[in-house]
Amino acid sequence: MDTPDVGIPEQLARRMSMAEQHEYLRTKLTRRRALTAAGAFAGGGLLAGCASGTEKPARASAPGAASATGQVHGSAVTPFGRHLAFGADPKTQMRISWQVPLAVRKPYVRVGLTPWGLSRRIEAEVRDLHTPGLAGQRFALDQYYLHAGLDNLRPGTTYYYGVGHEGFDPASRERHSTVGSFRTAPAGPEKFVFTAFGDQGVSPDALANDKVLLGRHPAFHLHAGDICYADSVGLGAKSDVYDPTAWDLFLRQTEPVARSVPWMVTTGNHDMEAWYSPNGYGGQSARWSLPDNGFDARRAPGVYSFTYGNVGIVALDANDVSYEIPANKGYTDGRQTAWLDRRLGELRGTVDFVVVFFHHCAYSTSTHASDGGVRDAWLPLFAKHQVDLVINGHNHVYERTDAIKGGKVGRPVPVGASTDPTRDGIVYVTAGGAGKSLYRFPEGVRDSYEGKSAPHEPVRTFHWTKSRHQQHDTVEWSRVRYTGYSFLSVEAETGATPKLKVSALAQNGRRIDYFEVRRGA
């Protein structure tokens, strides 16, 4: 008996949202499972190892509810992929997440003020994730993610922690090397550094970038979508090629940084994984614990905000407004944009600077160019609330604009210059060179960065329109361009004249760009 095709016809997929694709795939897989079972019964037996099954969404179990297999003792199951994230208040809340290769009993976190004094024990939540098999592509897979929320912590304090389960105690002498640490946000503003990039994946270049990044000693890191590329296609328009084991590799790769640096992610087009509801974000919700502060954390896990020192950070899901890749366009029915308006207004009166990060580019000249959906939905709000810096990924290069005001250059910002958002407009940074294969700039457009400057010239590019057409433009705002692996490093200073000192560093640590943001300077 031939195995039925479980993909989505391309002409149909183009018209379907991620939620509709998910329902289509689940229905088709259910039908396939029934047909396979019927065929096996007719042949006189069951087919062993059949890679099929209906989608089982990520679910949260009660603490300690995951049962052991009965075949492997807990002492033989080693946790991996530890990654931190802030709660809604980084001064007092931290979320610790990790993975185990098999189900375990009674998972927990030990926490203390010294590596040898892990006296506080917090039970962990289990979020098991089932990915159905797909004939000719992958076997069915169960993955186990664990999460513990730490509250009522002391501001500006270093804590030590270890993750464990029945049979694996991180406080024991033989497990002492597994103990990690983190530091909560200070009670008041003080100088600190944070880093950012998008589009990482799993590669030697990604690992090299992480090593240089860790040397900056960031207080936290922003990952602007396209996290691991388990979905290697990323169109959001059909049953993309998908390998859930890529997440295992990614979390192992990232652990040396993310075990001590809160790794704050948002969603890109490659993070819409149609196998998990709702909206293709069930996998994201299973793997990450992110701030839940006013928006729908289950339906839109990449939308949140937090304040660290004198900087407010806002994470957005640009899949909701993208004209280029519309699979999830409009899934929040405008609620994300309304929340953004409110949240920017709340932050503006309480911090010196507001930084927004999301995936699709508002302004870029590289392969994907600029997304008109992002511009139409959010740029008026950025201007209204005088956002200080916008960070994107999506294009696998480094590109930085002049200060943009009303869609045009408000003030040129060459390498090393200062700019004032209240007067000049907003600088937009594309930091998509985190580790995935690099893109290029339009033909004839030269790189121009610190140490290799080119004459400033107009660039012929385009932006995506609501009808999904490419509207061609000739722009003046592309100021710095670098075709190479890199990341962004931002130093926030307080005092009489607060400022953001923004630098871009290449994979070898060499600086390729820097500028300052000062308000009212």
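This text walks through the fold of one chain, from its overall make-up to single residues.

The model is a predicted one. Its chain has 521 residues, and 58% of them are buried. The secondary structure amounts to 8 helices and 28 strands. Contacts in the chain reach far along the sequence. Among those between residues at least 6 apart, 72% join residues at least 24 apart.

Start with the nonpolar interior. In soluble globular proteins, nonpolar side chains tend to be buried together. Here the largest nonpolar core holds 90 residues. F220 and L222 have the most contacts inside this core. Helix α4 gives the most to the core, with 6 residues. A second core lies apart from the largest one and has 35 residues. Among the members of this second core are V303, W339, L381 and F382.

L222 deserves a closer look. What does L222 touch, leaving out residues up to four places away in sequence? On the N-terminal side of the sequence, its partners are F194, T195, A196 and F197. The partners with higher numbers are M264, F306, I313, F357 and I391. Strand β11 covers residues 220-223, and L222 is one of the two residues with the most contacts inside the largest core.

Now take the helix pairs. Helix α3 spans residues 204-214, and helix α4 spans residues 245-258. Their axes come within 9 Å and cross at roughly 10°. An angle under 35 degrees counts as roughly parallel. So α3 and α4 are roughly parallel to each other. From α3, the residues in the contact are A206, L207, D210, L213 and L214. From α4, they are Q253, T254, P256 and V257. By class, the residues of this contact split into 6 nonpolar, 2 polar and 1 charged.

The other pair joins α6, residues 335-348, and α7, residues 372-384. Here the axes come within 10 Å, again with a crossing angle of roughly 10°. These helices are therefore roughly parallel to each other too. On the α6 side, the contact uses Q336, T337, L340, D341 and L344. On the α7 side, it uses A377, W378, L381, F382 and K384. This contact has 6 nonpolar, 2 polar and 2 charged residues. Two of the α7 residues in it, L381 and F382, also appear in the core of 35 residues.

Next come the cysteines. How many disulfides does the chain have? The count comes to 0. C228 is buried, because its relative accessibility is 4% and the cut-off is under 20%. C361 is buried as well, with a relative accessible area of 1%.

The backbone has some special spots in its loops. The peptide bond from S277 to P278 is cis, and its omega is near -5°. P278 sits in the loop between β12 (263-265) and α5 (282-287).

Two residues other than glycine have a positive phi. For N152, phi is about 60°. N152 lies in the loop between β7 (141-150) and β8 (158-164). Is N152 buried or exposed? It is exposed, with a relative accessible area of 72%. For H217, phi is near 50°. The place of H217 is the loop between α3 and β11 (220-223). H217 is exposed at a relative accessible area of 66%.

Finally, look at loop residues that meet distant parts of the sequence. P107 is in the loop between β3 (94-100) and β4 (108-112). P107 is buried, with a relative accessible area of 2%. Which residue, 58 places away along the chain, has its C-alpha atom 3.9 Å from that of P107? That residue is H165.

G167 belongs to the loop between β8 and β9 (180-183). With a relative accessible area of 38%, G167 is partly exposed. The C-alpha atoms of G167 and H73 are separated by 6.9 Å, although the two residues are 94 apart along the chain. G167 touches H73, G74, S75 and R175, with residues up to four places away in sequence not counted.

Methods
Residues numbered from 1 in each chain as written. Predicted model: local features only at pLDDT ≥ 70, side-chain atom pairs only at ≥ 80, totals over all residues. Heavy atoms only, no water. Axes fitted to C-alpha atoms, helices over the stretch in contact; angles between N-to-C directions. Helix = DSSP H or I, 4+ residues; strand = E, 2+ residues; numbered from the N terminus. Parallel < 35°, antiparallel > 145°, perpendicular 65-115°, else oblique. Contact = heavy atoms within 4.5 Å. Nonpolar A, V, L, I, M, F, W, Y, C, P; charged D, E, K, R; others polar. Core = buried A, V, L, I, M, F, W, Y, C linked by side-chain atoms within 4.5 Å. Buried < 20%, exposed > 50% of the residue type's maximum accessible area, 1.4 Å probe, protein only. Disulfide = S-S within 2.5 Å.
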